[in-house]
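Notebook open, coffee poured. I wanted to look up a sheet, the cavities and the cysteines.

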Amino acid sequence: MTPSALVKVRHRTTYRYDQLVSLLPHRLMLRPREGPNIQIISMDLKVTPEASVTWSWDVFGNSIATATPQFMARTLLIESTVELGLSSAAYPVFDIAPSAVFYPFRYTDDEWTDLGALAVQQYPDPGFRLKNWTLNFVRGSPTDTLALLKDLNAGISSFISYQSRDEEGTQSPLYTLDRTWGSCRDIALLFVEAARSLGFGARLVSGYLHDPERPITGSGGTGTTHAWAEVYVPGPGWIAFDPTHRRVGSFNLIPVAVGRDIRQIMPVAGSFIGMSYAFQDMRVEVCITG
């Protein structure tokens, strides 16, 4: 498919320390996932201080760079520049298989086996609180599958307010439900676990959100790191749901990594050898043009 938009993503992560530290290997998930709607034209990855970089793929097919800095430093700078061709439809039509048009439906034996943990709740749900909350979106039995997932997506967007969090990690789904606010990763995780409670196969996605025509929640410009969800529906396959912005489909979304849990798809992860108080701060800057 001919790209409908050409964009450039510049992603810079800076770690600062108040003394020289030894930098251990860092795991980088910065290369977008190519597919029918995304074509990588070029990519440039720079690490300062100089580092050896090796590439590999994980069980989900995510591209991983392992950067091993060669020198001690007070600053670690990781810069990625990717040129992309995008061709996702703004208003996608999902051709759902007849067997899955209405919920509840049954995945095939092969689909159940391959989805595995992606179709099972990964966080404690005492008293089935999350499942019972999610059942409120099931309007009947049977009910339209896509309408159910859209209602869940919109319902979470209405019930949970977005709020940026600087703390590391992700809130548990029940904590986000009780708190009624969270970051995009908290909201995406809540959606995924809610979908799993209904028997859907679902996974987390990290990447970038690009929408030059409207303000972006949690972003001061036209680009930001972002987290959303995908649900497996027979026929179209993995359908993107962005409960933070109440959107369905992959338009303006640039996926970099998918996983069972959000901790598996962090853009940058690593550590250092030095005094615990040596770490000063970390800054992430994303600029998307085109």
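My entries follow, in the order I looked things up.

**Ground rules.** I'm working on a predicted model, where local features need pLDDT of at least 70, side-chain atom pairs count only at pLDDT 80 or more, and totals for chains, interfaces and linings use all residues. Residues are numbered from 1 along each chain as its sequence is written, and side-chain values use heavy atoms, with hydrogens and water left out.

**Sheet.** I looked up an open sheet of 4 strands and got the order S4-S5-S2-S16, with antiparallel pairing. Strand S4 (51-57) and strand S16 (268-269) each have a single partner strand and sit at the edges, so one side of each has no neighbour in the sheet. My strands are DSSP runs of E, at least two residues, numbered from the N terminus; two of them pair if DSSP finds at least two bridges between them. S4 and S5 (residues 63-69) run antiparallel and are joined by 7 bridges. I checked one partner: Ser56 bridges to Ile64 in S5.

**Cavities.** How many cavities of 30 Å³ or more does the structure hold? I get 2. A cavity here is a set of points on a 1 Å grid over the protein atoms alone where a 1.4 Å probe fits but cannot get out, and lining residues have an atom within 4 Å of a point. Grid points are joined across faces, edges and corners, and the volume is the space filled by probe spheres set on the points.

The largest cavity comes to about 50 Å³. Its lining includes His11, Met29, Thr225 and Pro267. Strand S11 (residues 201-210) gives the largest share of that lining, 3 residues. By class I have 5 nonpolar, 4 polar and no charged; Tyr, Cys and Pro are among those counted as nonpolar, Asp, Glu, Lys and Arg are charged, and Gly is among the polar.

The second largest cavity is about 30 Å³. Among its lining residues are Gln121, Asp125, Leu130 and Glu193, and the split is 5 nonpolar, 1 polar and 2 charged.

**Cysteines.** I searched the whole structure for disulfides (cysteine sulfur atoms within 2.5 Å) and found 0. Why no bond for Cys184? The closest cysteine sulfur, in Cys287, is 18 Å from that of Cys184, too far for a bond. Buried or exposed, I asked of Cys184: buried, at 13% relative accessible area. Cys287 is partly exposed at 36%. My cut-offs are under 20% for buried, over 50% for exposed and partly exposed in between, with a 1.4 Å probe and protein chains only.

Technical notes: On a 1 Å grid over the protein atoms alone, a cavity is a set of points where a 1.4 Å probe fits but cannot get out, and a pocket is an open set with protein on both sides within 12 Å along at least five of seven lines; lining residues have an atom within 4 Å of a point.
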